[in-house]
Amino acid sequence: MITFKNVTKTFHLDSKTSISPVKDVSMDIASGEFIIITGRSGSGKTTLLNLSAGMVKPNSGRIIIDQTDLADMTDRQLSTLRNQKLGFVFQFPSLLSSLNVLENVTLPGIFDQGQNEKTIKARGLDLLKTMGLADKAAVYPRQLSAGEQKRVVLSRSLLNKPQVILADEPTSDLDEQTELEVMNLLRGINETGVTFIMVTHSLQLVPYASRAFNMENGILAEISRTGSKL
Ligand SMILES: Nc1ncnc2c1ncn2[C@@H]1O[C@H](COP(=O)(O)OP(=O)(O)OP(=O)(O)O)[C@@H](O)[C@H]1O
Ligand SMILES: [Mg+2]
């Protein structure tokens, strides 16, 4: 589903300083996997997800999604890929403050031609219900707690029924109980065939993964498979 072949990303901060948050990373993620990536702050996890979605371009190496090399795609094709095949849960707040919760959740549906508004709205409401937010559909993001906002973003990422969800610390603002509830929801979605690549600082979530990786200074290493201990 997603393959990285010797991918390196370097940012040049000025003419003398550069940083490579992703160094020679190779990985092969099959359809239906639940991947968890852990690692210290600044180790390159978000950059890795941004590369997977084609939002950041590698300096060297190849990134292949569903047999297509991202380097061979136009910006338009990349946008279509992101809108139709990928769901993204950003690490930082990404809800539009001028839209209410339901409007935020249904936003990706606007770009998906062939679906009518009523169907999109019903699906949005359904997702909010699954996330325990049915009564918040008409309120605005600023009226929500951080954890509720995270759940709205998760609902939005699921709207277009993506094949892959790239989730950057989707449970970071949740209490332990809600975190486990959300993880169980994500597991249920994964069991329907959706591939997950999720970044988290919670090592206790590793058992949810089919495989877990750790990033350290831009280098990715596999740390566990289902059934094996850390
Ligand atoms: N656009 C950019 N320009 C310059 N440097 C960048 C850019 N994006 C990321 N970096 C640098 O790359 C390094 C890794 O950043 P990244 O956001 O991938 O880390 P992270 O593992 O997600 O950290 P955290 O757990 O804090 O979210 C950081 O030192 C960061 O400053
Ligand atoms: Mg990050």
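**Exercise 1. Is aspartate 24 buried, partly exposed or exposed, and what is its relative accessible area?**

Solution. Bear in mind that you are looking at a predicted model.

Step 1. Find aspartate 24 in strand β2.

Step 2. Take its relative accessible area, which is 48%. Buried would need a value under 20%, and exposed a value over 50%.

Step 3. The value falls between those cut-offs, so aspartate 24 is partly exposed.

Step 4. Now look at the backbone. Most residues other than glycine have a negative phi. Aspartate 24 has a positive phi, near 50°.

Step 5. Try asparagine 6 in the same way. This residue belongs to strand β1, and its phi is also positive, about 50°, although it is not a glycine. With a relative accessible area of 43%, asparagine 6 is partly exposed.

**Exercise 2. Work out the order of the strands in the open sheet of four strands, and find its edges.**

Solution. Step 1. Follow the pairing from strand to strand: the order is β2-β1-β4-β5, and the pairing is antiparallel.

Step 2. Look for strands with a single partner. These are β2 and β5 (68-69), so each has one side without a neighbour in the sheet.

Step 3. Zoom in on one pair. Strand β1 (residues 2-12) and β2 run antiparallel and are joined by seven bridges. Within this pair, histidine 12 faces serine 18 of β2.

**Exercise 3. Describe the surroundings of strand β3.**

Solution. Step 1. Check burial. Six of the six residues of β3 are buried, so the strand is largely enclosed by the rest of the structure.

Step 2. Sort the side chains by direction. In a regular strand they alternate between the two faces of the sheet. Here Phe34, Ile36 and Thr38 point one way, while Ile35, Ile37 and Gly39 point the other way.

Step 3. Identify partner strands. β3 runs parallel to β8, with four bridges between them. β3 also pairs with strand β9 (residues 211-216) in the parallel sense, over five bridges.

Step 4. Use isoleucine 36 as a landmark. Its bridge partner in β8 is methionine 198, and in β9 it stands opposite alanine 212.

**Exercise 4. Decide how the rings of phenylalanine 34 and phenylalanine 196 are arranged.**

Solution. Step 1. The whole structure holds two aromatic pairs. In the pair examined here, the ring centres of phenylalanine 34 and phenylalanine 196 are 4.8 Å apart and the planes meet at 5°, so the pair is stacked.

Step 2. Place both residues along the chain. Phenylalanine 34 is in strand β3 (residues 34-39) and phenylalanine 196 in strand β8 (residues 195-199), 162 residues apart, and the pair links these distant parts of the chain.

Step 3. Both phenylalanine 34 and phenylalanine 196 are buried.

**Exercise 5. Explore the shell around ligand 1.**

Solution. Step 1. There are 15 residues around ligand 1, and Ser41, Lys45, Thr46, Thr47 and Gln91 come nearest.

Step 2. Sort the shell by class: four residues are nonpolar, eight polar and three charged.

Step 3. Ask where they come from. β2 (18-29) and α1 (45-52) each give at least two residues, and the largest share, three residues, is from α1.

Step 4. List some contacts to oxygen atoms of ligand 1:
- a polar side-chain atom of threonine 47, at 2.6 Å;
- a backbone N or O atom of glycine 44, at 3.0 Å;
- a side-chain N or O atom of histidine 201, at 3.3 Å.

Step 5. Finish with the surface. Ligand 1 taken alone exposes 630 Å², and the protein buries 65% of that.

Key. Residues numbered from 1 in each chain as written. Chains lettered and ligands numbered in written order. Predicted model: local features only at pLDDT ≥ 70, side-chain atom pairs only at ≥ 80, totals over all residues. Heavy atoms only, no water. Near = heavy atom within 4 Å. Polar contact = N/O pair within 3.5 Å; in protein donor to acceptor, adjacent residues only side chain to side chain. Areas by Shrake-Rupley, 256 points an atom, 1.4 Å probe, with all protein chains shown as cover. Nonpolar A, V, L, I, M, F, W, Y, C, P; charged D, E, K, R; others polar. Phe/Tyr/Trp six-rings, centres within 6.5 Å; stacked < 30°, edge-to-face > 60°. Buried < 20%, exposed > 50% of the residue type's maximum accessible area, 1.4 Å probe, protein only. Pairing = 2+ DSSP bridges.
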